[in-house]
Amino acid sequence: MLDLNTDQENFAGTHDAPIRCVEYCPEVNVMVIGSWDQTVKLWDPRTPCNAGTFSQPEKVYTLSVSGVWLIVGSAGRRVLVWDLRNMGYVQQRRESSLKYQTRCIRAILNKQGYVLSSIEGPVAVEYLDPSPEVQKKYAFKCHRLKENNIEQIYPVNAISFHNIHNTFATGGSDGFVNIWDPFKKKRLCQFQRYPTSIASLAFSNDGTTLAIASSYMYEMHDTEHPEDGIFIRQVTDAETNPKSPCTWQDFTYLSAMLMIIKQFVLPNGGFITINKETRAILILIL
């Protein structure tokens, strides 16, 4: 652990196999680390020392913290939900709604669920409340490309939520980054293709920038590939903010306003248009 104030490194501890993911929970003030040694360990950053070791059914591939909830995705398509205030037992044991190996899990910012991706291309939205009326699971078909009349399906390696708009970005082995609206269940935009697989990505806290790591992940084994790169992209509200369609009441009101504008502002003629989707008004004076 690196102390940014003193620039000193403190050795916290080890796992018996590669470490796959690290998260921090401010509510409980612990670091959460998942490993291929089939354990999740909690670390107290003040000491630092091991605050507990908790066995998982398989290798830990991904995990995410949502308030006091810890969501762990492991091999075998298993998803375990823990309460970080009481790690004595698992709160929920689930199986991924996707058919193939889990690649990434990220908690929804409202703390009511999570988004889960796999190696087969889709991303699923699931909710923590186990009540049947709440469990309306659905999935996006995210990273697919048609090449030579054959549909290629790519793993979705990374997910990051926008802290302001509650939309999220996905990065896949197709080299694309997509922005999604989880509530309206649609894609908002797609960025240009990057040199190789998207291995990781993260929005800044204010949502104005997106850090994108492009790194070959050996999907096609050991072959020639572009160099690794990190790209910092400025993002706009037009790319990340869900577009609210204009209601019929809004459209009627705007139409009435346009008639007034045309009568009193453009007595010599002009041109007025309205974009029903964005509610933007364009006035051209002749």
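Mentor: Welcome! Ala, Val, Leu, Ile, Met, Phe, Trp, Tyr, Cys and Pro count as nonpolar, Asp, Glu, Lys and Arg as charged, and the others, Gly among them, as polar. Keep in mind as we go that this is a predicted model.

Trainee: Thanks! How do the residues of the lining of the largest pocket divide into nonpolar, polar and charged?

Mentor: The lining holds 23 residues, and those closest to the pocket's centre are E23, V65, R106, L109 and N163. By the classes above, V65 and L109 count as nonpolar, E23 and R106 as charged, and N163 as polar. Over the whole lining, the division is 11 nonpolar, 8 polar and 4 charged.

Trainee: Which strand gives the largest share of that lining?

Mentor: Several strands each supply at least two lining residues: β3 (19–25), β7 (60–66), β11 (102–107), β17 (156–161) and β21 (198–203). The largest share is 4 residues, and the strand behind it is β21.

Trainee: How much space lies in the largest pocket?

Mentor: Rolling a probe the size of a water molecule over the atoms shows where empty space is left. For the largest pocket, the space comes to about 590 Å³.

Trainee: And which residues are the closest to the centre of the second largest pocket?

Mentor: About 300 Å³ of space lies in this second largest pocket. Its lining has 7 nonpolar, 6 polar and 3 charged residues. Of the 16 residues in that lining, the closest to the centre are Y154, S173, S197, E219 and M220.

Trainee: Stepping back, how many helices and strands are there in the protein chain?

Mentor: The accessible surface of the chain is about 15,900 Å², with 52% of it belonging to carbon and sulfur atoms. Of the chain's 286 residues, 45% are buried. As for the elements, the chain has 2 helices and 25 strands.

Trainee: What part of the contacts between residues at least 6 apart in sequence join residues at least 24 apart?

Mentor: Start from the contacts in the protein chain whose partners are at least 6 apart in sequence. Then keep the ones whose partners are at least 24 apart, and the share is 39%.

Trainee: Is C189 buried or exposed?

Mentor: Let's set C189 beside another cysteine, C49, which is partly exposed because its relative accessible area is 31%. The cut-off for buried is under 20%. C189 has 16% relative accessibility, so C189 counts as buried.

Trainee: How many disulfides does the count come to?

Mentor: The rule asks for two cysteine sulfur atoms within 2.5 Å. By that rule, the number of disulfides is 0.

Trainee: Where does D7 lie?

Mentor: D7 has a positive phi of about 60° although it is not a glycine. Its relative accessibility is 61%, so D7 counts as exposed. Along the chain, D7 lies in the loop between β1 (2–3) and β2 (8–9).

Trainee: And in which loop does Q38 lie?

Mentor: Q38 is not a glycine either, yet it has a positive phi of about 65°. With 34% relative accessibility, Q38 counts as partly exposed. The place of Q38 is the loop between β4 (30–35) and β5 (39–44).

Trainee: Last one: what distance separates the C-alpha atoms of R94 and V81?

Mentor: R94 sits in strand β10 (residues 92–95). R94 counts as buried because its relative accessibility is 15%. R94 and V81 are 13 residues apart along the chain, and their C-alpha atoms are separated by 8.2 Å.

How values were computed:
Residues numbered from 1 in each chain as written. Predicted model: local features only at pLDDT ≥ 70, side-chain atom pairs only at ≥ 80, totals over all residues. Heavy atoms only, no water. Buried < 20%, exposed > 50% of the residue type's maximum accessible area, 1.4 Å probe, protein only. Contact = heavy atoms within 4.5 Å. Areas by Shrake-Rupley, 256 points an atom, 1.4 Å probe, with all protein chains shown as cover. 1 Å grid on protein atoms, 1.4 Å probe; cavity = no way out; pocket = protein on both sides within 12 Å on 5 of 7 lines; lining within 4 Å. Points joined across faces, edges and corners; volume = space filled by probe spheres on them.
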